[in-house]
Amino acid sequence: EISSTQPLMGGGSTSSSIDPLYTYKRRRNNISNQNYNSGTSKIDPNKLTAGEINDFAKWDLWNDLTDEEFKLYSDTWELYPKYRYSVIIQNNSKFPIYGANVQLLNNDTIIWESITDNTGKAELWLNPYNDKTNYSNIKIKVSKDNYIKTIDKPKEIKQGLNFINLDINCNKGNSVDIAFLIDATASMQDEIDYLKADLKDIIQSIKDTIPHLNINIGICTYRDYGDEYVVKHSDLSDNLNQSLEFLNESKAAGGGDYPEAVEVGLYQVINNFNWSEQSVAKVVFLILDAPPHNEKNIIDSLQQIIKIASAKGIRIIPITCSGIEKDAEFLMRTFAILTNGTYTFLTDHSGIGDMHIEPSTDKYEVEILNDLIKRLIIQYSYLPKCDIDDMDSKGELIEKDIISQDNNQIQKIKIYPNPTKGEINIELPNDTKIFYIADINGKLILQMNSNKQKNIKLALPNLPNGVYFVVCQYENKIIGKSAFIISG
């Protein structure tokens, strides 16, 4: 049901630290209001270009940035995502267990809480809001169904990963929940129209790739305090037409100053959408070109919302547009990190819209935004096979036979860097339709549709050091395979 909500939290004037951007945002809004005539020109899909920065895969670089370039913004937003504990939950057959509740405790007080994802991973944080608590007895507690385990002296990420085995069968999900949270102020009309053009294709492609999962889509738009409305939404539903109808009726207007009511939109989506506990993946794509108001009560609200998102297992994936400056880049990357998400951003390569700032990183790949969104949803939703019918008499996946077969016609696949710390580039054979990532025992870790792309960039989950394989398939035949090593 499409509904609207009144403002949930108080807003206010722009802070002095970001006042210089007021004129820039107002210019964009005026241009959009004067020149845009919705629906009169055809918008072609697959045009917007984007990049991704997975700060988990570049953790040393992220720490360098927070100690140097981003240090000022940590103080501005009162966010300090530094002390990280990564947990991997598997069963005795080494299959990932998703949906397990994981808590970081000080004595019996919950410091941070999360839910394991489709790789069995959860991210926990000690003191990300810089409180003054004396943490004297840190431990990790994991619970799934009727099983409970604890780690009394957990490792911080610089010491390694925390592994827990549960003596339970691997579980299979039945759905994926995806919310699009969109800044609907005037400067965002072009991005909204391209999303309208792309969304149906995105969802259909996902359904074709993971047909065994139901896809639930929700849309939420927000503006700013004093505008015609602050937030409207269409809740999560498997009725794609409902979501498309809501999106097609959405128009951009209002705004005027730089910051917007981001926290109101986040509150609505995180707290009021009907997220399913059975969903393999719960994802919010936050599409915006401005940060929230920089005020104490709003910062406190954001901190609480992000903590709730993590506890529910909801990943936040920002998609930042033209108009975003470095203070907002830091904030959005922090939202992603604290919720086990990733940071994405539009680039100038499409030639569409105003100039986009370059993110602070060493390098990134440019992709079509449509393909990037599809890739991330599939990456976060895929579960390896774990039924008894998928195994041989030794309990190993039949895919092991695929990896071990010796055929001179099978092509070598170029993989770099190799060894890697977890991020790889893959050059696929031309005919590849599906490719797999598998471990040395042949257990499937990831399966993806190539979507006719030859060059693929993957930020792999936090896997143990070891040898892994990329296997390419076309019409049920293996056409390529190569090994790579995760080390360090």
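**Exercise A: exposure along a helix**

Decide whether aspartate 300 is buried, partly exposed or exposed from its relative accessibility of 33%, and then examine its salt-bridge partner.

*Solution.* The class called buried ends under 20% relative accessible area and the class called exposed begins over 50%, so aspartate 300, at 33% relative accessibility, counts as partly exposed. The structure in question is a predicted model, and every value used in these exercises is computed from it. The next step is the partner: lysine 296 forms a salt bridge with aspartate 300, and the closest N and O atoms are 3.2 Å apart. Lysine 296, at 47% relative accessibility, also counts as partly exposed. Both residues belong to helix H7 (residues 296-312), where they are four residues apart, about one turn of the helix. Elsewhere, salt bridges that share partners link Asp55, Lys326, Glu329 and Arg333 into one network.

**Exercise B: a second pair within a helix**

Establish where lysine 196 and aspartate 193 lie relative to each other, and classify the exposure of lysine 196 and of aspartate 193.

*Solution.* Start with the position in the chain: both residues are part of helix H4 (residues 189-209), three residues apart, about one turn of the helix. An α-helix has 3.6 residues a turn, so residues three or four places apart point the same way. The side chains of lysine 196 and aspartate 193 do meet in a salt bridge, at 3.6 Å from N to O. For the exposure, lysine 196 has a relative accessibility of 15% and therefore counts as buried, and aspartate 193, at 6%, counts as buried as well.

**Exercise C: a covered strand**

Determine how many residues of strand S6 (residues 121-126) are buried, how they are divided between the two directions in which they point, and with which residue of S6 tyrosine 85 forms a bridge.

*Solution.* The count comes first: six of the six residues of strand S6 are buried, and the strand is mostly covered. Next, the directions: Lys121, Glu123 and Trp125 point one way from S6, while Ala122, Leu124 and Leu126 point the other way, and all are buried. Within the former group, the side chains of lysine 121 and glutamate 123 meet in a salt bridge of 3.1 Å, N to O. Lysine 121 counts as buried because its relative accessibility is 6%, and glutamate 123 is buried with a relative accessible area of 1%. The final step is the pairing: S6 and strand S3 (residues 83-91) run in the antiparallel sense and are joined over six bridges, and the bridge partner of tyrosine 85 in S6 is leucine 124.

**Exercise D: an open sheet**

Work out which strands are the edge strands of the open sheet ordered S17-S18-S21.

*Solution.* The sheet has three strands, and the pairing is antiparallel. Strand S17 (414-416) and strand S21 (455-459) each pair on one side only, which makes them the edge strands. Neighbouring strands of this sheet are turned against each other by 20 degrees on average, direction ignored. As a check on one pairing, S17 is joined by three bridges to strand S18 (residues 423-427), and the two run antiparallel; in S18, asparagine 425 is the bridge partner of tyrosine 416.

**Exercise E: an enclosed helix and a contact across the sequence**

Explain why helix H6 (residues 262-272) can be called largely enclosed, and find which residues leucine 105 touches beyond its sequence neighbours.

*Solution.* Eight of the eleven residues of H6 are buried, so the helix is largely enclosed by the rest of the structure; among the buried ones are Val262, Glu263, Gly265 and Gln268. Turning to leucine 105, this residue lies in strand S4 (residues 101-106) and counts as buried at 6% relative accessibility. Leaving aside residues up to four places away in sequence, leucine 105 touches Ile110, Ile111, Asn137, Ile138, Lys139 and Lys141. One of these, lysine 139, is 34 residues from leucine 105 in sequence, yet the C-alpha atoms of the two are 5.3 Å apart.

**Exercise F: the whole protein**

State how many disulfides and how many salt bridges a search of the whole structure finds, and set these beside the overall burial.

*Solution.* The search finds zero disulfides and 17 salt bridges. Two cysteines can be inspected individually: cysteine 220 is buried at a relative accessible area of 0%, and cysteine 472 is buried at 0%. Of the 488 residues of the protein, 59% count as buried. The protein contains ten helices and 23 strands, and it exposes about 20500 Å², of which carbon and sulfur atoms supply 44%.

Conventions: Residues are numbered from 1 along each chain as its sequence is written. This is a predicted model: local features need pLDDT of at least 70, side-chain atom pairs count only at pLDDT 80 or more; totals for chains, interfaces and linings use all residues. Side-chain values use heavy atoms; hydrogens and water are left out. Buried means under 20% relative accessible area, exposed over 50%, partly exposed in between (1.4 Å probe, protein chains only). Accessible areas come from the Shrake-Rupley method with a 1.4 Å probe; for residues, only the protein chains shown count as cover. Two strands pair if DSSP finds at least two bridges between them. Axes are lines fitted to C-alpha atoms, for helices over the stretch in contact, and angles run from 0 to 180 degrees between N-to-C directions. A disulfide is a pair of cysteine sulfur atoms within 2.5 Å. A salt bridge is a side-chain nitrogen of Lys or Arg within 4 Å of a carboxyl oxygen of Asp or Glu. Contact means heavy atoms within 4.5 Å.
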